[in-house]
Amino acid sequence: MTASVTEFTVDPWDPGYAAALAVEALAELGPTSAELVLDVECDAADWKPVDPSPGTTAPQALLIADGVRRVDARVWVHDPSSPMPIPGIAASYAAGIVECGPSGATLAALEVGRSLFSASPYTPEVKTPHATYRAERASGPSMDELSLALQRQVTQLEVDLAVRYRSRTDDLLLVDGPLRGRTHLPRTVGYIKTHHTAYLPGPQSAVVSALAPGQRTPVFLMGTSWRRHAWYVRLPVRSAAPWAGIARCEAGADLPRDEVVRLADTLTLVLPALAGVDYKDPRAPQNLVPIGGLEKLLRHRLGDPKVLYRALRTAAHS
């Protein structure tokens, strides 16, 4: 008697990272609490994989914005109004923009910031020989609240860079991560490569699984704590793992239907050529080549964490 063999598929992402599709998302392929409008581009019952419309062209330049963050030290702020020191973090962060065009990708803008975050109104500015950490208020003392304050600073730095750089251009801007906090930027799309929740009902979720590389789902409208248009796209991938190569794109909720569809077609056309390759990037293909290169450069620009940590300790003692 021949023993049966149980088939399995290896997720293409490096196991050191969270899976591209979280286990919790697989368990939520049914209805979710998110507001969904599935008939933006076509009736919900008519959903099927979508190819870019004939005549879709790539933008003259695609701008890709990303940011990185790092906690350099956990600190205690000695607040005279509090019987106990108040926790905080000293953090470095950076944002940059890469311009992708026919001749390749070039760095368009980059800026580094450093801040000390605490809920205390007495949070000090810290100056060291290597860097100055500006004082920033957090909404509370928990690590989640401190981390949120840091992320808001990273997002604001990305927005400031985009506004300054795009004063010279009207090209398409792709931001790595959700679009929240950046929906006011023109011709801007958020790019999400890790899925913690499967928002779509079963029939529409099956369309995501059926996508071939270079195809997308119809555009839909979704609302959680904020509203936006969204669609899923599949990048070139060799794996058959669930949702392998799938990324979600987001655009502003107030955009007209035709404009959102054009953005979806444009991104579906240009993204496959920028897909990461698995022998170079453990998060391929969703971690686009320009994003991976920009992240590496930004982290380098944050400086040596050991040097900054020692400088912060010296400043605290002095």
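Begin by selecting strand S8, residues 188-192, together with strand S11, and you will find the two paired in the antiparallel sense over three bridges. Keep in mind throughout the tour that this is a predicted model. To see one of the contacts in this pairing, pick Tyr191 and look across to S11, where Cys249 is its bridge partner.

Next, select the whole of strand S11, which covers residues 246-252 and is mostly covered, seven of its seven residues being buried. Add strand S10, residues 227-234, to the selection, and a second antiparallel pairing comes into view, in which S10 and S11 are joined over seven bridges. Within this pairing, Arg234 can be picked out along with Ile246, its bridge partner in S11.

From the strands, turn to the aromatic rings, of which the structure holds three pairs. Select Trp47 and Phe220, whose rings form a tilted pair with 5.8 Å from centre to centre and 45° between the planes. Trp47 lies in the loop between strand S1 (35-37) and strand S2 (62-77), while Phe220 belongs to strand S9 (residues 220-223), so the pair ties together parts that are 173 residues apart in sequence. Is Trp47 buried or exposed? With a relative accessible area of 8%, Trp47 is buried, because anything under 20% is counted in that way, and Phe220, at 0% relative accessibility, counts as buried as well.

Now select Tyr232 and Trp243, which form an edge-to-face aromatic pair, 5.2 Å from centre to centre and with 65° between the planes. Here Tyr232 sits in strand S10 and Trp243 in the loop between S10 and S11, and the two residues are 11 apart along the chain. Both Tyr232 and Trp243 are buried. If you now display Trp47, Phe220, Tyr232 and Trp243 together, you have a single aromatic cluster in front of you.

Another ring to select is that of Trp226, together with Arg228, whose charged end sits over this ring at 4.1 Å from its centre.

For the last stop, select helix H4, residues 257-270, and find Glu259 within this helix. How is Glu259 placed with respect to the surface, and what is its relative accessible area? Glu259 is partly exposed, with a value of 26%, because partly exposed stands between buried, under 20%, and exposed, over 50%. Finally, add Arg187 to the view and compare two separations from Glu259: the residues are 72 apart in sequence, whereas their C-alpha atoms are 9.1 Å apart in space.

Definitions and conventions. Residues numbered from 1 in each chain as written. Predicted model: local features only at pLDDT ≥ 70, side-chain atom pairs only at ≥ 80, totals over all residues. Heavy atoms only, no water. Buried < 20%, exposed > 50% of the residue type's maximum accessible area, 1.4 Å probe, protein only. Helix = DSSP H or I, 4+ residues; strand = E, 2+ residues; numbered from the N terminus. Pairing = 2+ DSSP bridges. Phe/Tyr/Trp six-rings, centres within 6.5 Å; stacked < 30°, edge-to-face > 60°. Lys NZ or Arg CZ within 6 Å of the ring centre and 35° of its normal.
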